[in-house]
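Please open the structure in your viewer and keep the sequence panel beside it, as this tour moves from one selection to the next.

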Amino acid sequence: MSHEHKGHGPHKVGHVKEVTSLANPIIKDIKALSDKKTREQSGTFMAEGLKLVIDAIELGWTIRTLVYAKAAKSKPLVEQMAARTVASGGLVLEVSEKVLSSITRRDNPQMVVGIFENRWKPLREIHPKHGETWIALDRVRDPGNLGTIIRTADAAGASGVILVGETTDPFSLETVRATMGSVFAVPVARATADEFIAWKKHAGVSVVATHLAGSVDYRTIDYKKKPVVILMGNEQSGLPEHLAKQADALARIPQQGRADSLNLAVASAVMLFEARRHLLSLDEVK
Ligand code: SAM
């Protein structure tokens, strides 16, 4: 991947705003992004780390603000990202480490933070094709679980994630951190349970729901004949009846030992890699 800055002219120091005060209103606005409502109203979210910011920009995500620590100023890649931010109409802030710590709520913050416009994939635009796998999550609560599932979906080659019902926000800092950048690569849609059920009727997919009372061993299911949507239940209460009955198969992962169930993200990983087993190979060129 090339991170060359193409044709936007050199990065001009005049475009950079220096901020050292925690009381600066722009910094206050950025810090307010820790609140879900503010993220929704502004349609933006925060991602930390130079690599993530580069990946996001390369993948075509719109950056509104680039924040970097004074110490990172001389890094050529930071300069390039700053130039690209300015070229696309964004703001560049050079801040003290104290300000960065307060934005990210970390003692040893990443040197670079990007504020990006969020993106939701409209459910009506999802038309799964042969060989595609989607994962639908019923009321997922834990940001770490959601981030891990988005990352795992990316690694397994799934086409996207559908959030069903009231769920944790994929654009929270904690979830974005847990995705390790995959939030920029994996489309995420959201739907009510009724919208999901209505969509399923016409999508031509096979819904494989996972349930602790499932009677089908997940390894015996045919994941090849149709595009697959794997449906996972909520961390505490599992899959409700009205969603479970939409399933073409109710799958269970056999267990031994004392544990009642697997962690949601772990069960999702097991399912995704099984559903895509025939499509994954070590020989694949990235
Ligand atoms: N107390 C919940 C229940 O009774 O369903 C446990 C939920 S479990 C922590 C979260 C989700 O992971 C489940 O709804 C299911 O989708 C999936 N899961 C976990 N272990 C599983 C297993 N052995 N077989 C199938 N699905 C499993």
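At which residues does UniProt place the feature "domain: RNA 2-O ribose methyltransferase substrate binding"? Select residues 46-122, where the unreviewed UniProt entry places it, in the numbering used here, with the feature name shortened and the annotation possibly inferred rather than shown by experiment. Over this stretch the chain is 38% helix and 27% strand, and its end C-alpha atoms are 22 Å apart; helices (H or I, at least four residues) and strands (E, at least two) are DSSP runs, numbered from the N terminus.

Before going on, note that this is a predicted model, in which local features need pLDDT of at least 70 and side-chain atom pairs count only at pLDDT 80 or more, while totals for chains, interfaces and linings use all residues. Residues are numbered from 1 along each chain as its sequence is written.

Next, select strand 9, residues 206-210, of which 5 of the 5 are buried, so that the strand is largely enclosed by the rest of the structure; buried means that 20 or more other C-beta atoms, placed from the backbone, lie within 10 Å of the residue's own. S206, V208 and T210 point one way from the strand, and V207 and A209 the other way.

Now add the neighbours of strand 9. Strand 11 (residues 228-232) runs parallel to strand 9 and is joined to it by 4 bridges, with L231 as the bridge partner of A209. Strand 12 (residues 249-252) also pairs with strand 9 in the parallel sense, over 3 bridges, where pairing requires at least two bridges found by DSSP, and A251 stands opposite T210.

Finally, show the ligand and the 16 residues around it, among which T210, G233, G238, L262 and A267 come nearest; a residue counts as near if its C-beta atom, placed from the backbone, lies within 6 Å.

Technical notes: Buried ≥ 20, exposed ≤ 12 C-beta atoms within 10 Å, placed from the backbone.
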